[in-house]
Amino acid sequence: MNSTDDDLAACAREPIHVPGAIQPHGALIVLDPDGWNIVRMSANSGDFLGCELSLGGRLPAHMNDLQQHLRAWHATPEFSLQYSCSTTKHIYTAHRAQQMVIVEAEALGDKPLDEVFSALRSFTRRLASESDITQSLNAVAQFVYEITGFDRALIYRFDPEWNGHVVAEAGNEMLPSYLGLRFPSSDIPAQARALYASNRLRIIPDASYTPVPILAADDALDAERLDMSFAQLRSVSPVHLEYMRNMGTGSSMSVSILVEGQLWGLISCHGVGAHNVPQAIRETCDMVAQSLAMRIEALDRAKIVARRLKLGQVTSALLRQMAEGADWSSDLVRDEQLLLSQVNAGGAVLYAGEASQLVGLCPSAVELKGLVEWLSQKSRDVVATNQLASEYAAAEAFAETASGILAIRLSTLRPDWLIWFRPELVRTVKWGGNPHKSVQESGRIHPRRSFDAWREQVRLQSSAWDEAEIEAAKNLRQAIVGIVLRKAEELAELSGELQRSNKELEAFSYSVSHDLRAPFRHIVGFAQLLRERETSLDDKSRHYLQTISDAAVSAGRLVDDLLNFSQLGRAPIMSKPVDMNKLVAEVMKSIQMDFGDRSIEWSVESLPQAWGDATLLRQVWYNLIENAVKYTRPRSPARISISGETEEHATRYSVCDNGVGFDMAYVGKLFGVFQRLQRAEDFDGTGIGLAFVRRIIEKHSGSITAEGEVDKGARFTFVLPSQGRKVRTLA
């Protein structure tokens, strides 16, 4: 026998609030408040109340006191009325429904109220003295068992998925113990839970009762089914009665436990045979249930406050660490145990791509990348789950390390996250029967018959994140975002100062370079005139004059380079398509006069078109090719290759030679102003050329890198973005 989801859904949609019948331990009358006529009544009303009643008529004269109470109550906003009549030995309850008044009648109990109130006072004092929820639950179960006379009273708590867990129990061993067992959510469907939340009390004195139909004054009323959501006598679903019989119980009573307005659980009572509980006792149990709810709420709040206080101290310690240092991210993970204790985790990662910092037990780099991509698709800034694999299937591969995560987003522009991990908590859950098995026969769902303990091993779950831990993570996120914003403001202010300083330096270097050009040219010119005028100078004097002239020429060249370098910051980029083959050919032709009789083997590939400023890019090629020619001087033959290729959104160009090369340990200095990796007396130059090249490439939003090996050559590679693009990382 198997079931389908459709069958279960149909069972869950059963209209149990409009059964059209009541249980036979009472009677029900529906009155129209306009004329107080009877518009509906249960078929047993006359017999139960011992008088003649008729549809369309009024209540008999001996019920005038009841009618007066009903009229007075109906003029108030009170939802319900309770009235006891000692002469008829009945207790009446009334409430409004569908613009009508529903009156229910039951027999008065025979237990003295003084005895009930005495027991209640004693219990209230005991409950107030309990400082532990478990002990409070046990006390309530024992009290309800004793005062109601049922064979078993248990407290049934709902989990977030609405599965039930028996957390306390008291009884006489006439029925099997269910303490510690769990029951699947399908045992109490959603519409039944909704009724438990709205109507806290329900009793079934006899599971084998025959429903008493409700009669209507006319067909129109009969067609409009009476909503009995708040009726104590409401007949229950046949499926539930079958469920009770399968449990071996002949009677039951339930009282809802509502904590902060939400259905927390039930006090559920069972008897082996038929057993009724008077209205006063039921109301007492309801009062006990609500007292328990307030106790649970108070103890939970005290626990949460204590937990928040403790986690708040951890947050403060982390903030002090971050505030003391210059790099908040490194300071955050400096004390690993402190970061993990923020939310009681087994591992954590401050994810920022390749700069990620790991603490404790974490998934691998590849697994973290996939997890962050999944997180970044969510619109939430805080993600908490103790069943990660159920939401992100790939997490099953690293469930042992991270079955649960608590993640906070740190940036809206980049996929930066702080993620805590909890390992898998494999546990065995004891169910009251197989929770995955339903029974279907004869075209409808039947409740299961087996309530024997059934064990299930639960995997791919961690311990759950509690409210205080999630709140602590949110508080830390707000603090980190505040620190990052403050650092950003400081950097922006510093950047502004640097920009002002750079402009002043550019202006200064431009002024100095411009003013020094004329003196150096004068030195060269007058040295030449003196050499031509004084024909009688000896060789040593002529050597001195030539040295002065060469030094002035070198200084003039340095001044020109400085002037060009300073002007580059002011010059706008005039971007357009650039024929790189043409530029390279022009550069090679312009420096051929410096080749002399050297043997140079050129390898020049066809170069892709670029997007940029042709004049500036020509300077890039000139400096790179001139360097290749210069630093291959000791080689014969010298080999220089020039290549290029198109990539996605960019083009890449390279100049490679077999010259003297350089040590990669000093590559960081290569593109600095006045940085030289070779002796000045071996190779001439001003030390500005490569700095000039890098600045041009960066103005084009590109990047340049260098690779070299001593005495084996060097390769310079620069990448230029396509039109409208930027190169985000170095090539």
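**Strands and salt bridges in the predicted model**

Phe-421, in strand 18, is the bridge partner of Gly-347. That contact is a handy place to start looking around this predicted model. It belongs to a pairing in which strand 14 (residues 347–351) and strand 18 (residues 417–422) run antiparallel, with five bridges between strands 14 and 18.

Strand 18 also pairs with strand 17 (residues 404–409). Here the sense is again antiparallel, and six bridges link strands 17 and 18. Two of the contacts are easy to pick out by name: Ala-407 has Ile-419 as its bridge partner in strand 18, while Ile-408 has Leu-418. Strand 17 in turn pairs with strand 16 (residues 382–385), again antiparallel, through four bridges. Within that pairing, Thr-385 sits opposite Ile-405 of strand 17. Read step by step, then, the pairings go from strand 14 to strand 18, from strand 18 to strand 17, and from strand 17 to strand 16.

How much of strand 18 is buried? Six of its six residues are, so the rest of the structure largely encloses strand 18. The cover extends to both faces of the strand: Trp-417, Ile-419 and Phe-421 are buried on one side, and Leu-418, Trp-420 and Arg-422 are buried on the other. Phe-421, the partner of Gly-347, is thus on the side that also holds Trp-417 and Ile-419.

Strand 17 tells a similar story, being mostly covered, with six of six residues buried. Gly-404, Leu-406 and Ile-408 point one way from strand 17, and Ile-405, Ala-407 and Arg-409 point the other way. Every one of these side positions is buried. That includes Ile-405, which stands opposite Thr-385, and Ala-407, the partner of Ile-419.

Turning to charged side chains, the structure holds 19 salt bridges. One of them starts from strand 18: Arg-422 forms a salt bridge with Glu-469, and their closest N and O atoms are 2.9 Å apart. Arg-422 lies in strand 18 and Glu-469 in helix 14 (residues 467–533), so the pair ties together parts that are 47 residues apart in sequence. Are these two residues buried or exposed? Both Arg-422 and Glu-469 are buried.

Other salt bridges stay inside a single helix. In helix 9 (residues 279–324), Glu-297 and Arg-301 are four residues apart, and therefore separated by about one helical turn. Their side chains meet in a salt bridge, with an N to O distance of 3.5 Å. Glu-297 is partly exposed, at a relative accessible area of 24%, and Arg-301 is partly exposed too, at 48%.

Helix 18 (residues 689–699) offers another case, where Arg-694 and Glu-698 are four residues apart and so about one helical turn from each other. The salt bridge between their side chains has an N to O distance of 3.9 Å. Arg-694 is partly exposed, with a relative accessible area of 35%, and Glu-698 is also partly exposed, with 48%. Back at strand 18, the contact between Arg-422 and Glu-469 has further company: salt bridges with shared partners join Arg-307, Arg-422, Asp-466 and Glu-469 into one network.

Definitions and conventions:
Residues numbered from 1 in each chain as written. Predicted model: local features only at pLDDT ≥ 70, side-chain atom pairs only at ≥ 80, totals over all residues. Heavy atoms only, no water. Buried < 20%, exposed > 50% of the residue type's maximum accessible area, 1.4 Å probe, protein only. Pairing = 2+ DSSP bridges. Salt bridge = Lys/Arg side-chain N within 4 Å of Asp/Glu carboxyl O.
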